[in-house]
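Me: Please take a close look at one part of this protein: the sheet and what packs on it. I would like one connected account rather than a list.

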Amino acid sequence: MHILVLIMALMTAGTALGQGSVAVTAKPVKMVVLGDSLSAGYGLPAGAAFPVRLQKALDTKGIKVDMINAGVSGDTASGGRDRLDWSVPEGTDAVIVELGANDALRGTDPAVTHAALSDILTRLKARGVAVLLCGMVAPPNYGSDYAARFNAIYPELAKSFGVPLYPFFLDGVAADVRLNQADGMHPTAEGVDLVVKNILPTVEAFLGKLSGQRS
């Protein structure tokens, strides 16, 4: 009987130790959303911003993330590049880059946007930070040639840097009056939730691959 009790005690201790090891290694991923007003939560309560809603959706899936909302309303790709070092602190594991909408709205030369995003990806790669790139689509008012040049930026960069691409950040939300604020450009809280729902599988796959690399 004493031997049986001893064996059971050792098995219980081993199980607890194993669980403790998992808890130690399963550290939350430190993630930054580097973006503009679309991710900053322009016109919305702080709790309705994209990074907050994404973190909640991931938590529901059992994926722990320490999220930083580094969205700045009005920012361009060049602006994101200029503040990169202080927006993405040391120790960051992953960054979602959501920039370029303001470039497209202002008719910025696609070569300028491409160069800024390329610099961001280069610098994050040098730091060993994983990146998920979110694409943007140019509005039609600058013509088809501009749109073709601008829209090609994101798939080209994703391919050349070997990073995952979510083709259009506002997929399913853009131009839907029910899901956008009165300005027709910024999502409502419901619109943000749809963005999160649509991008979630891509983010899960991105984090799954990252977790494999970290383990």
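Reply: What follows starts with the whole chain, moves to the sheet and its helices, and ends with two residues.

The model is a predicted one. Its protein chain contains 10 helices and five strands. Of the 215 residues, 44% are buried. Among contacts with a separation of 6 or more, 78% join residues 24 or more positions apart. The exposed surface of the chain comes to about 11000 Å², and 62% of it is supplied by carbon and sulfur atoms.

The five strands form an open sheet with parallel pairing, in the order β2-β1-β3-β4-β5. Its edges are β2 (65-71) and β5 (165-166); each has a single partner strand, so one side of each lacks a neighbour in the sheet. The partner of β2 is β1, residues 29-35, and these two strands pair in the parallel sense over seven bridges. One of the bridge partnerships links V32 to I68 in β2.

Two helices can be placed against this sheet. Helix α3, residues 50-60, lies across β1, β2 and β3 (94-98), and runs at about 165 degrees to β2. Helix α9, residues 153-161, lies across β4 (130-134) and β5, at about 160 degrees to β4.

The packing can be followed through the largest nonpolar core, which has 61 residues. The members that touch the most other members are F50, L54, V97, L117, L124 and L207. Among the elements, α10 gives the most to this core, with nine residues. Helix α10 spans 189-214. Leaving aside residues up to four places away in sequence, L207 touches V29, M31, L58, I63 and V65.

The second residue to examine is F169, in the loop between β5 and α10. Is F169 buried or exposed? The relative accessible area of F169 is 2%, which is under the 20% limit, so this loop residue counts as buried. Which residues does F169 touch, beyond those up to four places away in sequence? They are L38, F50, E98, C134, G135, M136 and V195. F50 in this list is also one of the core residues that touch the most other members. Along the chain, F169 and G135 are 34 residues apart, yet their C-alpha atoms are separated by 5.9 Å.

How values were computed: Residues numbered from 1 in each chain as written. Predicted model: local features only at pLDDT ≥ 70, side-chain atom pairs only at ≥ 80, totals over all residues. Heavy atoms only, no water. Helix = DSSP H or I, 4+ residues; strand = E, 2+ residues; numbered from the N terminus. Buried < 20%, exposed > 50% of the residue type's maximum accessible area, 1.4 Å probe, protein only. Contact = heavy atoms within 4.5 Å. Areas by Shrake-Rupley, 256 points an atom, 1.4 Å probe, with all protein chains shown as cover. Pairing = 2+ DSSP bridges. Axes fitted to C-alpha atoms, helices over the stretch in contact; angles between N-to-C directions. Core = buried A, V, L, I, M, F, W, Y, C linked by side-chain atoms within 4.5 Å.
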